[in-house]
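Visitor: Could you walk me through this model and tell me how each label is earned?

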Amino acid sequence: MNFIDESVLEIKAGDGGSGCISFRREKYIPKGGPDGGNGGKGGSIIFRTDPSLNTLLDFQNKKIIHAKNGLSGQGRNKSGTSAKDLIINVPVGTMIFDYHSNTLIYDCASPNVEYLLIEGGKGGMGNSNFKTSTNQAPRKSTTGEKGSALKIRLELRSFADIGLVGLPNAGKSTFLDAVSSAKPKIGDYPFTTIKPNLGTIKYFDKSFVFADIPGLIEGASQGTGLGIKFLKHISRTKALLIFLDPHNTEYDFENQLKVLINEMRHFDSKLLQKDIWIVLNKIDTVDNLDENLTAIDKYIPSELKIHQIRGISSISKQGVKELFDELFKKLT
Ligand SMILES: Nc1nc2c(ncn2[C@@H]2O[C@H](COP(=O)(O)OP(=O)(O)OP(=O)(O)O)[C@@H](O)[C@H]2O)c(=O)[nH]1
Ligand SMILES: [Mg+2]
């Protein structure tokens with residue numbers, strides 16, 4: 001699978017180079033003064049957001065990242081060369097957590113931004129710094145500072161305006177395919193989608209990003225299926241479309257809603273505070289639409305911020321315009 005959205009890394013900035021002890025030795029100058037140069041600075045570790053990336057796949061086989069050390073100072077007051085800073089490119093939406101405390105260190109939320117995570121050690125001082133009126137020949141220098149080290153967890157949380165949630169096969173990807181230029185995989189079997197797909201939709205002069213994630217199933221929050229792992233990709237959205245499938249033979253509307261709401265609540269109850277539209281999909285194959293919509297209405301918990309229950313067809317696009325008029329008006 002070429003999509004990875006979590007990774008644990010050990011990173012270490014470079015150590016500073018040591019200062020040097022040296023004395024000037026030249027013909028006709030019997031007692032040359034101290035001329036030991038300073039050590040160079042160690043490389044820092046900088047994160048940069050690269051908008052062309054959309055996965056943390058690069059870190060799958062790269063778990064330890066060290067920046068280079070600064071070089072030691074030399075005689076003739078020559079400073080050691082400082083190491084280059086090490087730049088780590090990550091996709092926009094990558095959150096950097098301290099691995100041990102799980103606190104958020106930085107959210108790489110904007111494109112083309114650099115963030116200095118850990119600084120390289122300063123170089124040590126050469127003995128030429130320690131010359132005084134009473135000590136003309138100091139045999140003293142300092143070692144370079146150690147570069148800091150940190151164990152971090154990277155977590156990619158996509159940026160999208162609207163998340164699509166539903167049981168497998170409800171038609172989420174078909175919807176994204178119909179309304180945006182994204183080309184997600186579609187199939188009449190569950191778990192067609194195995195990674196999040198993002199699609200942009202233009203509505204007059206505005207654009208909105210939809211995130212299609214793998215279908216949720218009962219027990220997902222206990223680790224069954226794929227869906228729960230991907231709920232983080234809808235955590236930054238403003239609104240959710242909950243897709244209901246009139247042809248799910250295992251789960252009726254009441255139980256589809258129960259499963260979806262339970263799993264979202266388990267993952268993060270804040271998901272349920274978003275603006276929600278209930279979407280009954282596949283109405284091109286439904287005869288008694290109004291009855292179905294009335295039935296669904298009865299099963300919606302009052303705690304949810306439901307804007308509307310709408311019938312649509314992702315294939316014939318029936319109802320999609322009305323849904324968008326409402327949804328995008330609410331989001332602008
Ligand atoms: N008749 C009809 N069929 C639909 C509609 N939307 C989706 N389907 C069919 O439903 C099946 C599942 O569609 P997908 O879009 O792959 O479903 P999904 O919700 O993305 O499924 P997962 O990725 O497994 O979670 C496919 O056979 C689609 O052709 C619709 O509006 N009308
Ligand atoms: Mg899908």
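Guide: What follows is a set of questions and answers on the terms used for this structure.

Guide: This is a predicted model, in which local features need pLDDT of at least 70, side-chain atom pairs count only at pLDDT 80 or more, and totals for chains, interfaces and linings use all residues. Residues are numbered from 1 along each chain as its sequence is written, chains are lettered from A and ligands numbered from 1 in the order in which they are written, and side-chain values use heavy atoms, with hydrogens and water left out.

Visitor: What makes Ser173 and Thr193 the protein donors of the magnesium ion (ligand 2)?

Guide: Donors are N, O and S atoms within 2.8 Å of the metal (3.2 Å for Na, K and Ca). Ser173 (OG) and Thr193 (OG1) lie 1.9 to 2.1 Å from the magnesium ion, so both meet that limit. Do keep in mind that water is not among the atoms, so sites may look incomplete.

Visitor: Why is the pair said to tie together separate parts of the sequence?

Guide: Ser173 sits in helix H1 (residues 172–179), while Thr193 belongs to the loop between H1 and strand E10 (197–203), so the pair links parts that are 20 residues apart in sequence. Helices (H or I, at least four residues) and strands (E, at least two) are DSSP runs, numbered from the N terminus.

Visitor: Why are Ser173 and Thr193 called buried?

Guide: Buried means under 20% relative accessible area, exposed over 50%, and partly exposed in between (1.4 Å probe, protein chains only). Ser173 has 8%, so it counts as buried. Thr193, at 9%, is buried too.

Visitor: What makes H1 largely enclosed by the rest of the structure?

Guide: Seven of the eight residues of H1 are buried, so the helix earns that description. The buried ones are Lys172, Ser173, Thr174, Phe175, Leu176, Ala178 and Val179. Their cover includes strand E9 (162–166), E10, strand E11 (206–212), strand E12 (239–244) and H5. Cover here rests on contact, meaning heavy atoms within 4.5 Å.

Visitor: How do you know which residues surround ligand 1?

Guide: A residue is near a molecule if one of its heavy atoms lies within 4 Å of it. There are 23 such residues around ligand 1, and the closest are Lys172, Thr174, Phe191, Thr193 and Ser314. By class, the shell has seven nonpolar, 12 polar and four charged residues. In that scheme Ala, Val, Leu, Ile, Met, Phe, Trp, Tyr, Cys and Pro count as nonpolar, Asp, Glu, Lys and Arg as charged, and the others, Gly among them, as polar.

Visitor: What makes the approach of Ser314 to ligand 1 a polar contact?

Guide: A polar contact is a pair of N or O atoms within 3.5 Å; within protein, one must be able to donate a hydrogen and the other to accept it, and residues adjacent in sequence count only if both atoms are side-chain atoms. A backbone N or O atom of Ser314 is 2.8 Å from an oxygen atom of ligand 1, so the pair qualifies. The protein buries 89% of the 650 Å² that ligand 1 exposes when taken alone; such areas come from the Shrake-Rupley method with a 1.4 Å probe, and for residues only the protein chains shown count as cover. An N or O atom in the side chain of Ser173 lies 2.9 Å from a ligand 1 oxygen, and for the side chain of Ser313 the distance is 3.3 Å.

Visitor: Where is Ser314, and is it buried or exposed?

Guide: Ser314 lies in the loop between strand E14 (305–311) and helix H5 (320–331). Its relative accessible area is 5%, so it is buried. The side chains of Ser314 and Asn281 form a polar contact of 3.0 Å. Residues that Ser314 touches include Gly171, Thr174, Phe175 and Phe243. The C-alpha atoms of Ser314 and Ser173 are 9.0 Å apart, with their positions 141 residues apart along the chain.

Visitor: What makes the phi of Phe191 worth a remark?

Guide: Most residues other than glycine have a negative phi. Phe191 is not a glycine, yet its phi is positive, about 60°. This residue is in the loop between H1 and E10, and at 28% relative accessibility it is partly exposed. Lys317 also has a positive phi, near 65°; at 44% it too counts as partly exposed.

Technical notes:
Lists of a residue's contacts leave out its neighbours within four places in sequence.
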